[in-house]
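Reader: I would like a close look at one part of this protein, the place where an open space is lined by residues from several parts of the chain. Please take me through that part with care, and then set it against the rest of the chain.

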Amino acid sequence: MARKVLTAEAIKQLVDQENVKFLRLMFTDINGIIKNVEVPISQLDKVLSNKMMFDGSSIDGFVRIEESDMYLRPDLSTWLIFPWEAEHGKVARLICSVYTADGEPFLGDPRNNLKKLVREMQDKGFKDFNIGPEPEFFLFKLDEYGKPTLKLNDQGGYFDFAPVDLGENCRRDIVLELEKMGFEVEASHHEVAPGQHEIDFKYADAVDAADNIQTFKLVVKTIARKHGLHATFMPKPLHGVNGSGMHINMSLFNQDGTNAFYDEKGTEQLSETAYHFLAGLLQHARAITAINNPTVNSYKRLVPGFEAPVYVAWSGHNRSPLIRVPQSRGLSTRLELRSVDPSANPYLAIGSILAAGLSGLDQGLLPDAGVDRNIYSMDETERKENHITDLPSTLHNALKELAKDEIIKDSMGPYLYQSFMDSKSLEWAAYRQQVSEWEREQYLELY
């Protein structure tokens with residue numbers, strides 16, 4: 001979505017013209033969960049002068065209780081009035097970065113960290129890191145109490161249409177609301193699994209793209225509920241069907257507006273920059289999996305047989321490897337990382353991807369040859385001969401890979417890295433202690 005540069009005065013005029021009565025100050029915690037402080041519009045001057053405080057000790061991954069006072073600094077380019085009506089007037093939002101009481105950018109804010117990584121990229125001579133996400137989600141029916149069930153509202157399949165796809169009306173309303181808010185929606189369709197959907201919107205530079213993903217999730221969940229449905233971005237809500245991914249299409253752009261990944265005379269018309277960046281992604285693939293697939297449930301999706309990648313390899317011609325190079329060239333030249341799922345914190349995910357790719361550039365790395373065979377059909381010996389390794393199979397293993405990768409850890413900074421590791425280690429520990437219904441069915445009578 002195109003961002004308009006608005007002044008504080010322009011925002012005040014819009015508030016009067018559009019009858020805005022409430023303002024949501026949105027930010028994102030370490031786990032990618034959208035948080036917001038809602039204030040009446042009477043507090044607008046305080047918000048625009050960067051004086052709005054909140055208690056950071058109540059937010060996952062933020063600060064201890066003795067240093068809890070934090071400021072929300074709004075990014076005025078993120079001003080947006082929600083198109084749905086509220087009972088007492090309209091609601092607008094501003095996405096904020098978090099600052100300490102001393103007026104410094106808070107090191108535990110994922111958005112601040114992504115902005116820092118973008119500045120480091122720009123110092124290397126690039127202008128933009130463009131990201132085109134492809135988030136998928138499921139729609140489930142709500143029960144009479146408004147709680148999500150596991151009942152699907154359709155039995156559609158890939159690119160099906162009504163009457164098989166009963167989610168079409170909901171999906172259409174989501175698209176219409178997104179377009180009202182300035183999103184340029186490129187495609188929307190039913191995905192492979194029943195009840196599963198995908199809406200693709202136009203690429204944006206790194207920070208805007210992460211903001212857009214968070215806004216997109218909010219809109220999808222809001223409109224779904226108006227249809228009596230629950231939208232979930234959980235990676236694998238159902239056994240035996242495809243999970244939900246969020247493929248990330250990416251490209252670096254030069255200062256002159258040209259695509260740094262494109263070289264008309266290069267092998268496959270890819271530049272040396274593209275190959276170095278690709279090699280960096282492959283080298284750090286196992287470590288960034290912890291960030292791109294950050295839940296216990298993420299690894300129920302990353303298994304063979306359901307189209308999700310499980311092997312570290314790349315190709316320009318098939319969809320089984322981790323990284324695909326779509327055939328478009330020129331300004332559309334890009335790499336597609338297929339492992340990311342929509343439970344990922346988009347600021348952390350995009351930041352880790354950028355850091356991995358730039359490290360490949362810094363070191364002049366080159367990837368092994370692309371693999372144009374179906375990797376799922378290879379045996380272990382063949383994969384080893386082609387230098388193909390596996391992605392981590394559990395969150396625990398992914399966290400161990402992250403802990404060994406100094407480049408990705410450095411890109412997060414010690415505060416953010418430790419907050420992430422603490423949160424995810426607790427999640428894994430809690431999961432390990434659970435006894436599942438599957439275990440009882442398998443073992444209770446047998447032993």
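Author: A pocket, as the word is used here, is an open set of grid points with protein on both sides within 12 Å along at least five of seven lines, and its volume is the space filled by probe spheres set on those points. In this model, which is predicted, the largest pocket holds about 840 Å³ of space.

The lining of the largest pocket is made up of 40 residues, and those that lie nearest its centre are E134, E198, H247, N249 and E336. Sorted by class, this lining has 14 nonpolar residues, 12 polar ones and 14 charged ones. Four strands, namely β7, β9 (185-190), β10 (196-201) and β13 (246-254), each give at least two residues to the lining of the largest pocket, and the largest share, 6 residues, is supplied by β7.

Strand β7 deserves a further word. It covers residues 126-142 and runs antiparallel to strand β8 (residues 148-152), to which it is joined by 2 bridges. In one of the pairings between these strands, F140 has L152 of β8 as its bridge partner. Between the two strands of this hairpin there are 5 residues, and G146 takes a positive phi near 80 degrees there.

A second pocket can be set beside the one just described. The second largest pocket has a volume of about 540 Å³, and 17 residues line it, with H239, N297, K300, Y431 and W438 lying nearest its centre. The lining of the second largest pocket divides into 9 nonpolar, 5 polar and 3 charged residues.

As for the chain that holds both pockets, it contains 13 helices and 18 strands, and its C-alpha trace spans about 65 × 60 × 50 Å along the principal axes. A compact globule of 447 residues would have a radius of gyration near 22 Å, and the value for the protein chain is 22 Å, so the two agree. Of these 447 residues, 55% are buried.

Two cysteines belong to the buried part. C96 has a relative accessible area of 1%, and because buried means under 20%, C96 counts as buried; C170, at 2% relative accessibility, is buried by the same cut-off. For a disulfide, two cysteine sulfur atoms must lie within 2.5 Å, and by this rule the count is 0 disulfides.

K226 gives a view of the exposed side. This lysine is found in helix α5 (residues 206-226), and its relative accessibility of 55% is over the 50% cut-off, so K226 counts as exposed. From K226 to T149 the separation is 77 residues in sequence, and the distance in space is 16 Å, C-alpha to C-alpha.

Two loop residues complete the picture of the backbone. Most residues other than glycine have a negative phi. N19, however, has a positive phi near 55 degrees; N19 sits in the loop between α1 (8-18) and β1 (20-28), and with 41% relative accessibility N19 is partly exposed. Q269 likewise has a positive phi, near 60 degrees, and is a residue other than glycine. The loop that contains Q269 lies between β13 and α6 (272-283), and Q269 counts as partly exposed at 30% relative accessibility. Strand β13, which comes before this loop, is one of the strands that supply at least two residues to the lining of the largest pocket.

Key:
Residues numbered from 1 in each chain as written. Predicted model: local features only at pLDDT ≥ 70, side-chain atom pairs only at ≥ 80, totals over all residues. Heavy atoms only, no water. Buried < 20%, exposed > 50% of the residue type's maximum accessible area, 1.4 Å probe, protein only. Pairing = 2+ DSSP bridges. 1 Å grid on protein atoms, 1.4 Å probe; cavity = no way out; pocket = protein on both sides within 12 Å on 5 of 7 lines; lining within 4 Å. Nonpolar A, V, L, I, M, F, W, Y, C, P; charged D, E, K, R; others polar. Rg over C-alpha atoms; globule rule 2.2 N^0.38 Å.
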